[in-house]
Amino acid sequence: MVEQIREARVDFTTIHGLLIPKTQEDYLRLCLLYCYRFKEAVNKAIRMRLDGVKKSEGVKKLRKILSNWWYAVSA
């Protein structure tokens, strides 16, 4: 019996590392960027709930916006 072999498709690359901003302004820009992404995730979560999407399915979709599972759940 021959099993079907699927090829992996990679849509993104994740780099783990320590990011050290050079100035306080750079640090604040990074914070605002993540706050903006979280706000967008909350807006999408509200729209999904109004459309009747289950919470578990919504969290999976929000993980594409936010890298952290806990933030996706809280959104």
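This passage walks through the overall form of the chain, its first helix, and a few residues worth finding in the view above.

The structure is a predicted model. Its chain contains 3 helices and 0 strands, and reading along the sequence gives the pattern α-α-α. The overall dimensions are a good place to begin. Along its principal axes, the C-alpha trace spans about 60 × 35 × 15 Å. The radius of gyration of the chain is 17 Å, whereas a compact globule of 75 residues would have one near 11 Å.

The surface and the contacts add to this picture. Of the 75 residues in the chain, 13% are buried. About 7400 Å² of the chain is exposed, and carbon and sulfur atoms supply 57% of that area. Among contacts with a separation of 6 or more, 44% come from residues 24 or more positions apart. Charged side chains are present in both signs: 15 are positive and 8 are negative. The centres of these two sets lie 5 Å apart.

Helix α1 deserves a closer look. This helix runs over residues 24–50 and so has 27 residues, by the run-based assignment of helices. From its first C-alpha to its last, α1 reaches 39 Å, close to the 39 Å expected at 1.5 Å a residue. Three of its residues, A41, A45 and M48, are buried. The cover over these buried residues includes helix α2, which comprises residues 55–62. After α1 comes G52, a residue with a positive phi, near 90°.

A45 offers a convenient view of how α1 is covered. This alanine sits in helix α1 and counts as buried because its relative accessibility is 10%, under the 20% limit. When residues up to four places away in sequence are not counted, A45 touches L62 and A75. L62 falls at the end of the 55–62 range of α2. A45 also has G58 at a C-alpha distance of 6.7 Å, although the two are 13 residues apart in sequence.

K55 makes a useful contrast with A45. This lysine belongs to helix α2 and counts as exposed because its relative accessibility is 53%, over the 50% limit. Its C-alpha lies 8.8 Å from that of A45, with their positions 10 residues apart in sequence. Leaving aside neighbours within four places in sequence, K55 is in contact with R49 and V73. An exposed label can thus go together with contacts to residues further along the chain, as K55 shows, because the label rests on its accessibility of 53%.

Y36 completes the set. Like A45, this tyrosine is found in helix α1. With a relative accessibility of 46%, Y36 counts as partly exposed, since that category covers values between the 20% and 50% limits. Y36 and F12 are 24 residues apart along the chain, and their C-alpha atoms are separated by 20 Å.

Taken together, the three residues cover each accessibility class: A45 is buried, Y36 is partly exposed and K55 is exposed.

Technical notes. Residues numbered from 1 in each chain as written. Predicted model: local features only at pLDDT ≥ 70, side-chain atom pairs only at ≥ 80, totals over all residues. Heavy atoms only, no water. Helix = DSSP H or I, 4+ residues; strand = E, 2+ residues; numbered from the N terminus. Rg over C-alpha atoms; globule rule 2.2 N^0.38 Å. Buried < 20%, exposed > 50% of the residue type's maximum accessible area, 1.4 Å probe, protein only. Contact = heavy atoms within 4.5 Å. Areas by Shrake-Rupley, 256 points an atom, 1.4 Å probe, with all protein chains shown as cover. Lys, Arg positive; Asp, Glu negative; His and termini not counted. Charge placed at Lys NZ, Arg CZ, Asp CG, Glu CD. Expected span 1.5 Å × (residues − 1).
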